[in-house]
Amino acid sequence: MTGRVLVGVKRVIDYAVKIRVKPDQSGVVTDGVKHSMNPFCEIAVEEAVKMKEKKLIKEVVAVSCGPQQAQETIRTALAMGADRGIHVEVTGKDYENLGPLQVAKIFAALAKKEEAQLVILGKQAIDDDCNQTGQMTAALLDWPQGTFASEVTMEGDKLKVVREIDGGLETIKINIPAVLTADLRLNTPRYATLPNIMKAKKKKIANMKPADLSVDIVSRLEVLKVEEPPQREAGMKVETVEDLVAKLKEGGTI
Amino acid sequence: MALHCGPQTWLQSYRLLSRARLPRYSPAPVRPLSEQASGKAAPSAGASETLGDHLIYTHEHLALKESLRKIIDTEINPHVDQWEAEGIFPAHHVFKVLGSAGFLGVNKPVEYGGLGLDFSYSMAVAEELGHIRCGGCPWPSGCKRTWPRPFGSEALKQEFLLPSIMGDKVACLGVSETGAGSDVSSIKTKAVRRGDDYVINGGKMWTTNGTQADWMCLLANTSEGPSHKNKSLICLPMNLPGTIKIGMWSSDTAEVFFDDVRVPCSHVIGQEGMGFTYQMLQFQEERLWAVANIMTTMEAVIQETIQYTSQRKIFSRPVLSHQAVHFRLAELSTEVELLRSLFYRAVVLFLKGNDVTKLASMAKLKGGRLAREVADSCLQFWGGMGYTSDVLVSRFYRDARLMSIGGGADEVMLGIICKYMDTLPKK
């Protein structure tokens, strides 16, 4: 396969940041908060770059949907080895309402436009934990999907994918073109070295809007309320099993 | 990184950087992704770094800092507690990791494995290295010294500069002696010419990474005459017969003795007799590096103190809720910002080609003193916990004290500032 790979990279709040809910409960605080590339997207980029290094594919294109700052995320992908980037600009209310279905439509359109052989995404984003975009993209394209991939190998003109599932590991063989979603153990992403960070400056990032791809990004979902999880109550220690049962009965749990 | 810091010349060691090797492909360093990607709390996740209207940093600087931070968080910080306990850190391993990622020699020439970027990139690296959770020992780049370019023969640069930039060789700095610290001109180590070699006798003290270094940038007396004009910088491999290394106080700060050590005369960097002058040329960068570094650590200490005191209760209220505490932290934070402004001003002027000796000396002076204040006040707020050895604040209290001594003591800084103010007594 000497084709092109599209890799989706999402800009999310950094995993180490303490999340705070906005006072009006409409969402979480994002202003001035540190953002980075979704960890599973990093794994997706690493897999794509590795495939290119093995000469299995020719070009890695990093794609991100969002406001101006999404370009920083694309640049990180470029610094890791992607060849060029595409920034699909979505701002304001549209961005707040951007969900897996809209992103999947955008990716499906781009996959056709760029004549991609492979679309690799992270299995889920750590902000919404949806785990839907990859699957929806495959459905829209009518392509096979290898989700929760922990190992991917080329076998002739097919892809062998080992998937992490509840019961253990499942191995499937799918045709190309296909959609893959990266799970944790697929690989260990490389550091963006300083020379590559500087080289990434020269790589191109194309700009476009969803309308340019004839994609309608109107959301069919409305977020009603965002709340903090209930405060953890202090636990208590009991001496014996009898005490435990008594306390549980007291608390109405049993 | 010398961990149980006795006084060290980590700032002096900052000078010698040389290793020229043509950049070749090396496998990109990998980092492990934690299973609990969404649950982990990183030490200083508080202050977010966004571009905004930064005075000197661009997207690339921020990308650099992010990448370096990842390396620190995965390859260095997890091991710091162990290294502290052992009193030593694996210099070759750490420098190789940094060198492979391109973070050593950021502003060194490209032909020697550097990136040829300007000083602002070095400062971004310096700031980020302050995230290493080992107080005033931000020297995984240990002996990152500025090789006095363009001095030094091609052969020397290939043998010493390039490998150091690539992280394959560990360097150390040999300037201070038991009898000479601030007064560099009174060092006694001699390098006497015999045929095509120098024979070196004497000894050096406070050499950070001394026990692990592959080579030393040595300042020695190579002739008679005025003390400012009789010294030379020599690249000295550390494995020559006659070199005796003694580690001190379970730290990797060594005392090194030279007993008739022979080294080829070709190992002199630049001109003989110019060693002292070459040293002087690097001071501005060296001092600004130290300031960049300590600012980050001070902020981290203040942030951790806020976190700790917001949870720790005293008289049924969090310690932080007492005005004496949150007001004092506000004062300290204000001073850190003032230092930062002075630092950026000096860097901008330096980038434009100005002599910033006065500002750099002022910044170093303030940095050292402020670090002591921050450490002292914050440790007080930690109470008994602050006095234990496994919290950052106590490490910082011990390690940051060095800043007012090493790399140009406070008194030396004051002397320089007075010189510029023309207030020194006339001879």
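## Cysteines of chain B

In this predicted model, Cys418(B) counts as partly exposed because its relative accessibility is 25% (buried means under 20% relative accessible area, exposed over 50%, and partly exposed in between, with a 1.4 Å probe and protein chains only). Cys235(B), by contrast, counts as buried, at 0% relative accessibility.

A search of the whole structure finds zero disulfides over all chains (a disulfide being a pair of cysteine sulfur atoms within 2.5 Å). Cys235(B) is accordingly in no disulfide, and the nearest cysteine sulfur, that of Cys217(B), is 5.9 Å away.

## Helix H7 of chain B

Helix H7 of chain B covers residues 323-351, and its 29 residues should span 42 Å at 1.5 Å a residue (the expected span being 1.5 Å times one less than the number of residues), which agrees with the 42 Å between its end C-alpha atoms. Just after H7(B), Gly353(B) takes a positive phi of about 95°.

The buried residues of H7(B) include Leu329(B), Leu332(B), Val336(B), Leu339(B), Arg340(B), Phe343(B) and Val347(B). The buried residues of this helix pack against helix H4 (119-129), helix H6 (275-311) and helix H8 (357-382) of chain B.

## Confidence in chain A

Chain A averages a pLDDT of 94 (the predictor's confidence in each residue, from 0 to 100), and 100% of the residues score at least 70. Among the elements of chain A, helix H5 (residues 133-141) has the highest mean pLDDT, 98, and helix H6 (residues 194-200) the lowest, 90.

## Conventions

Residues are numbered from 1 along each chain as its sequence is written, and chains are lettered from A in the order in which they are written. Local features need pLDDT of at least 70 and side-chain atom pairs count only at pLDDT 80 or more, whereas totals for chains, interfaces and linings use all residues, and side-chain values use heavy atoms, with hydrogens and water left out.

Technical notes
Helices (H or I, at least four residues) and strands (E, at least two) are DSSP runs, numbered from the N terminus. Contact means heavy atoms within 4.5 Å.
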